[in-house]
Amino acid sequence: MAEFPNLSRRGFLNGTAAVGGLLVVPGLLTACSKTDSGSATGEGALDKLRKQGFVRVAYANEAPYGYLEGKELKGEAPTLHREIFKALGVDELKPTLSEWDGLIPGLQAGKYDVVSAGMAITPERCGNAIFSEPEFISPTALMVRKGNPKKVTDLASAKKAGITIGVMSGAVEGGYAKGAGISEDRIKTLQKPQDGADAVKGGRIDAFLLTGISLRWLAKTNPDTEVTEPFVPQVDGKEQFSPGGAVFRKGNEDLRDSFNRELKKIVSDRSRYVQLLEQYGFGESEIPPQDLRTADLCAG
C-alpha cells in the first residue's frame, strides 16, 4: 500500500485556519453560497450535476476512507457516494486530491462539490460547511508493539501505565487523551499515520491513538504492530463515537438533503451497507445508530 502523506481524517480545521479562510475570500465564499443554492431559472445544485453528468469530489488519499489506486478512486466514502449519486441521476465522480487541511477551504472556494474523505463531524467544521447525516461511526483504538508489552486496552489503562501516546497533528484524539487525564508531556504529535506506526515500532511512543478502522488498515503493512479492541472514549462524560460524513458547501442544503434521503436507504439496510463497504473494513459495528444525528453533533 502506498504511503499517504496527508493528515488524518480526524484532523480539525482549527479555529485560526477557519477564520483565516473566511477572511481571505469573503466575497468569493458569499458568491458560492448564493450561486449554488439556485439560479435565476430555479435550477438547483442537483439539477446542475445531473445536467453535466458528474460530481466533483475531493479526497485526501487516506485509506481506507478515500484514496487513489492506480487511476481508480477507492475507499469507504467514494464507494458509498458513487452509489448515492448514481441513485440521484449523477453517474460519475470526478476526483480532486487535496491536503487534509485544504478540503473545506477548497470546498468553500468552489473547487469541488463534495468532500468525499470520511471527514469527522465536529462543531468546528459545521461552522464552515454542511454535513450529511453520519455515514459511519468508528470507535477509537491503540496501535502497540506486537504482544502489547504495556498491556494497555484503553485510555484509562494507558494513563495508569504512564505510557507515551502518539496522536495526529490537530486531531480529535489529542483531546481524547487530554480528557482522559494523560499529561501533555506524555502526548506526542505526529504528521501522518505511518509516522505513528514507525514511532511505535521504534519505541519512541508506546501506543498510537486513532480510529480502529484506520489502525487496522495501517497494521496490514506494519506486521510488527497490533491493534487493541476498539473502545469509545469519553470527554466530559460524553461518549465520542467518531462519526463521519459527506461535506457540502453552505447554500447546497437541497443537495445535502437529497443525498441524505439515499444515504438513509443504505444505512437502514444492514446487509447492503456491509456488502458495499466490508472490503474497506467497515461492518455492522460501523453502522451509525438511528438516533445519532448531525444536528446534535454540530451543536456539540
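Student: Which residues of helix α12 (residues 270-277) are buried?

Tutor: Y273, V274, L276 and L277 are the buried ones. Keep in mind that this is a predicted model.

Student: What puts the buried residues of α12 on the same side of the helix?

Tutor: Their arc around the axis is only 165°, and that places them on the same side of α12. The spacing fits a simple rule: an α-helix has 3.6 residues a turn, so residues three or four places apart point the same way.

Student: Which residues are exposed on the other side of α12, and what covers the buried ones?

Tutor: S271 and Q275 are exposed there, so each has a relative accessible area over 50%. The cover over the buried residues includes α4 (76-87) and α11.

Student: Which residues of helix α3 (residues 45-52) are buried, and what makes them lie on the same side?

Tutor: In α3 the buried residues are A45, L46 and L49. They span an arc of only 95° about the axis, which sets them on the same side of α3. Just past the end of α3, G53 has a positive phi of about 85°.

Student: Let's turn to the sheets. What is the strand order of the sheet that holds β14, and why is one side of β4 and of β6 without a neighbour?

Tutor: The order is β4-β1-β5-β14-β6, an open sheet of five strands with mixed pairing. β4 (92-97) and β6 (130-131) are at its edges, and each has a single partner strand, so one side of each is left without a neighbour in the sheet.

Student: What makes β6 and β14 a pair?

Tutor: Two bridges link β6 to β14 (residues 244-248), in the antiparallel sense. Pairing takes at least two bridges, so these strands meet the requirement. In one of the bridges, I130 is partnered by F248 of β14. Helix α11 (residues 253-267) packs on this sheet, where it touches β6 and β14, and its direction is at about 145° to that of β14.

Student: And what is the order in the sheet that holds β10, and why does one side of β9 and of β11 lack a neighbour?

Tutor: That open sheet also has five strands, in the order β9-β8-β10-β7-β11, and its pairing is mixed. At the edges are β9 (187-190) and β11 (225-227), each having a single partner strand, so one side of each is left without a neighbour in the sheet. From one strand to the next, the twist averages 30°.

Student: How do you know that β7 and β10 are paired?

Tutor: Count the bridges: four join β7 (residues 140-145) to β10 (residues 207-211), and the strands run antiparallel. The threshold is at least two, so they count as a pair. Within this pairing, A141 stands opposite L210 of β10. Helix α10 (residues 212-219) packs on the sheet with contacts to β7, β10 and β11, its direction making about 120° with that of β10.

Student: Why is T225 called buried?

Tutor: T225, a residue of strand β11, has a relative accessible area of 3%. Buried means under 20%, so T225 qualifies.

Student: How do you know that the side chain of T225 makes a polar contact with N222?

Tutor: A polar atom of that side chain lies 2.6 Å from the backbone oxygen of N222. The limit is 3.5 Å, so the pair falls within it. Beyond its neighbours within four places in sequence, T225 is in contact with residues including M143, V144, V200 and A219.

Student: What makes E135 count as buried, and where is it?

Tutor: E135 sits in the loop between β6 and β7. Its relative accessible area is 0%, which is under the 20% cut-off, so it is buried. Leaving aside neighbours within four places in sequence, its contacts include E76, H81, G245, F259, Y273 and P288.

Student: And why is F208 called buried?

Tutor: F208 belongs to strand β10, and its relative accessibility of 0% is under 20%, so the term applies. Its C-alpha atom is 6.2 Å from that of V167, 41 residues away along the chain.

Student: To finish, what share of the protein's residues count as buried, and how many helices and strands are there?

Tutor: Of its 300 residues, 53% count as buried, and the protein has 13 helices and 14 strands. Among contacts with a separation of 6 or more, 75% are between residues 24 or more positions apart. The exposed area is about 13,200 Å², with 49% of it supplied by carbon and sulfur atoms.

Key. Residues are numbered from 1 along each chain as its sequence is written. This is a predicted model: local features need pLDDT of at least 70, side-chain atom pairs count only at pLDDT 80 or more; totals for chains, interfaces and linings use all residues. Side-chain values use heavy atoms; hydrogens and water are left out. Contact means heavy atoms within 4.5 Å. Axes are lines fitted to C-alpha atoms, for helices over the stretch in contact, and angles run from 0 to 180 degrees between N-to-C directions. Buried means under 20% relative accessible area, exposed over 50%, partly exposed in between (1.4 Å probe, protein chains only). Accessible areas come from the Shrake-Rupley method with a 1.4 Å probe; for residues, only the protein chains shown count as cover. The arc is that of the directions from the helix axis to the C-beta atoms. A polar contact is a pair of N or O atoms within 3.5 Å; within protein, one must be able to donate a hydrogen and the other to accept it, and residues adjacent in sequence count only if both atoms are side-chain atoms.
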